[in-house]
Amino acid sequence: MNIAVIGAGIAGLSAARALVDRGHTVKVFERGRVAGGRVATRVIQAIELPRGLSGDVAFDYGAQYFTVRDDRFSALAAEWERDKVLAKWAGRIVSFDGEGWEDVEDTTSRYVGTPGMSAIADALARGLDIEYGSKVEALAPLLNDFDRVIVATPPDQAAALGVTVPVVTMMPNWTVMAAFEDRVAARFDAAFVNGSPLGWIARNTSKPKRNWKIDCWVLQATSAWSRAHSADRSDDVGSFLMEAFDDLIPAGLPKAFFASVHRWKSATADPPLAAGAIQNDRITLCGDWCKGSRIEDAYLSGIEAATLL
Ligand SMILES: Cc1cc2nc3c(=O)[nH]c(=O)nc-3n(C[C@H](O)[C@H](O)[C@H](O)COP(=O)(O)OP(=O)(O)OC[C@H]3O[C@@H](n4cnc5c(N)ncnc54)[C@H](O)[C@@H]3O)c2cc1C
């Protein structure tokens, strides 16, 4: 069959790969310039570095790491490990209860793409026919040209194409990327934060194969705070969240020589469906929101979409 896939996030890529493996002809349409969607790494170009600092300033500004639970995903993760596309992140992760820090005592293995999270999307995208910079505005032309269409976008973006989509609330997320002249005086690499507008903070540079010479942090506001402030100006959000970060570091923050703010309009489903993927005549919907809120869910949703065809 001739199949169109809309969206080169993890779900779209995994559906496309599974279909190509079964001998179908697949074309992926992606509105962005790179694959990955919410699995995203930003390398800051042409930035003047403070004296004594060198190398890349880079941030995983979407998904921070991934976990592996399902056999179908672990087979792929093993392949990525062999090809050095991923590495285990052994950073010290703590949780903050509003008063003090405590080590997160879990047995979860956390993996990251190397040298950035986007490496896993690049690996999935390799060899696929992907048209970048190609935003699909309507389904009718694709339904004329292809036997089947897989819509692998968040639900609001699928609905904008005129597809019937179950009601799923996608929560936004405000994210700050900041690089500091000196090392932030934190005795941890990442933290789940309670009692703050921030829900997660991470020293990006503590992940394997990053440029450890420059202290780069990613700060994510909670879903609730992000929703309450979704219409705020990004400059105001950036200043406010940097102050919230400063409040968490007793010694105070060193000077940031770079800071940027990103708003994810559709970050995580609250709650997601338990459908896997949804078949609607010649149109199939998939994405993390059909199954869960993680990279692994997006991957499995793509695989499940491919099996419905
Ligand atoms: C801030 C944040 C932190 C997160 N942290 C983690 C984490 O630590 N661990 C974890 O496992 N998960 C995390 N997640 C969730 C994880 O990123 C997602 O579950 C997963 O990436 C979703 O993949 P997807 O393919 O379903 O959707 P997406 O990644 O959203 O991909 C959809 C793609 O469709 C494209 N698209 C949309 N509309 C169109 C159109 N009309 N035409 C063409 N292309 C279109 C988009 O550009 C995008 O590339 C996080 C997400 C966010 C936002």
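**Note on helix α2, the domain contact and the open sheet**

1. In this predicted model, the buried residues of helix α2 are Phe73, Leu76 and Ala77. Viewed down the axis of α2, these buried residues fall within an arc of 105°, so they line one face of the helix. The other side of α2 carries the exposed residues Asp71, Ala75, Ala78, Glu79 and Arg82.

2. The packing partners of the buried residues of α2 can be named. These residues pack against two strands, β5 (86–88) and β8 (111–113), and against helix α8 (295–308).

3. The length of α2 may be checked against its residue count. Helix α2 comprises 12 residues, 71–82, and at 1.5 Å a residue it should span 16 Å; the C-alpha atoms at its ends are 16 Å apart, which agrees. The expected span is 1.5 Å times one less than the number of residues. Just after the helix, Lys84 adopts a positive phi of about 60°.

4. The chain is divided into two domains: domain 1 consists of 1–39 + 119–167 + 272–309, and domain 2 of 40–116 + 169–270. Their centres, taken over C-alpha atoms, are separated by 27 Å.

5. How many residues of each domain are in contact with the other? In domain 1 there are 19 such residues, and in domain 2 there are 23. On the side of domain 1 that touches domain 2, α3 (118–125), α5 (155–159) and α8 each supply at least two residues. Helix α8 gives the most to that side, with five residues. By class, the side of domain 1 that touches domain 2 has 12 nonpolar, two polar and five charged residues. Helix α8 thus deserves mention under two headings: it is one of the elements against which the buried residues of α2 pack, and it gives the most to the side of domain 1 that touches domain 2.

6. An open sheet is formed by six strands in the order β9-β2-β1-β10-β17-β16, with mixed pairing. The edges are occupied by β9 (130–131) and β16 (278–280); each has a single partner strand, so one side of each is left without a neighbour in the sheet.

7. Within this sheet, strand β10 (residues 148–151) pairs with strand β17 (residues 283–285) in the parallel sense, over three bridges. Opposite Leu285 in β17 stands Val151. In general, the strands of a sheet pair through backbone hydrogen bonds, in either the parallel or the antiparallel sense.

Terms used
Residues numbered from 1 in each chain as written. Predicted model: local features only at pLDDT ≥ 70, side-chain atom pairs only at ≥ 80, totals over all residues. Helix = DSSP H or I, 4+ residues; strand = E, 2+ residues; numbered from the N terminus. Buried ≥ 20, exposed ≤ 12 C-beta atoms within 10 Å, placed from the backbone. Arc of directions from axis to C-beta. Contact = placed C-beta atoms within 7 Å. Domains from an automatic or database assignment. Nonpolar A, V, L, I, M, F, W, Y, C, P; charged D, E, K, R; others polar. Pairing = 2+ DSSP bridges.
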